[in-house]
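Trainee: Got a minute to go through this model with me?
Mentor: Sure, put it up and we'll talk it over.
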Amino acid sequence: MLKVPEHQVAGRQAIDGKLGPLIDKSGHFYKPLQDDDERGTRELTFYHSFSSNTRIPHHIRRFFPVFHGTQLLKASDGSGLRPHLVLQDITSDHLNPSILDIKIGSRTWYLEASNDYIQNCFHRDKTTTTVSLGFRICGLQIYNESGFWKPGRKLVQNFTADDVRSVLRKFVSSNVGPEPDCCFADSVYGGCDGILERLLELKTWFEDQTMYHFRSCSVLLLFDKESFLRGKTPFAEVKLIDFAHVVDGNGVIDHNFLGGLCSFIKFVSQVLADSKGSTMEDKF
């Protein structure tokens, strides 16, 4: 039995008769490929390339959803059978996960795209924090004891730098009010297996890798705040998602993604430092 993803925070959703992804109880995420859109073909090409690329370090593969091929399924919009990417459902092992979807890079378009697409991206990049910060929040949900705080798309698109800092604090707080306590910051952002350390691991790889350029790709952060509230030790995850606009790196470092990632790391590290009341060593 397939159903609409409960914890999808951004992107096209399979609601109100629209085409979007589906999930099953086995931990699979089914992303539809569109017939008249090269984005699906480009993403499928990337997954085939990445899966067979022997130059990808094993420790880097864990940042990408597992690819299980493609499958013909009934589309969520009622248009009949349609090929779907079969991917790992990243949220399946989490209970009521808090999630941040961060689109990385100060430029989300690429030269091979159509002029209409480039103009649309150019406008969106300028009117969000994409250009000013090198990244933007695309969607989020933050769990608290009364349910999820999940601001609407328009509110998220209008986030400023101060809003981004506030969201990063709320993400690791027991409350989502105007004065978040950041009581989970050290456990979620810090430590040898925390989000910051994993982001730094990705940064190290992007400082060298020249195989791919990741345009309009997101970093997904998620952890189970409910486990903290119940006195259990949760695990935080960092994943890269959305590869419909990946292009060949042609032997050149992806400075667009790397620069945006470094900027985001600084924001996270500052929240962690502020929560400790001290200044962290500058690693950048």
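Mentor: One term up front: a salt bridge here is a side-chain nitrogen of Lys or Arg within 4 Å of a carboxyl oxygen of Asp or Glu. Also, this is a predicted model, where local features need pLDDT of at least 70, side-chain atom pairs count only at pLDDT 80 or more, and totals for chains, interfaces and linings use all residues. Residues are numbered from 1 along each chain as its sequence is written, and side-chain values use heavy atoms, with hydrogens and water left out.

Trainee: How many salt bridges are there between domain 1 and domain 2?
Mentor: The count is 2. Lys-31 pairs with Asp-242 in a salt bridge, with 3.4 Å between the closest N and O atoms.

Trainee: Back up a bit, where do the domains run?
Mentor: Domain 1 covers 22-88 and domain 2 covers 98-282; such bounds come from an automatic or database domain assignment. Their centres, taken over C-alpha atoms, are 22 Å apart.

Trainee: And how many residues are in contact?
Mentor: 20 residues of domain 1 touch 20 of domain 2, contact being heavy atoms within 4.5 Å.

Trainee: What area do they bury between them?
Mentor: About 1800 Å², with 60% of it on carbon and sulfur atoms. That's the accessible area (1.4 Å probe) the two parts lose on being put together, summed over both.
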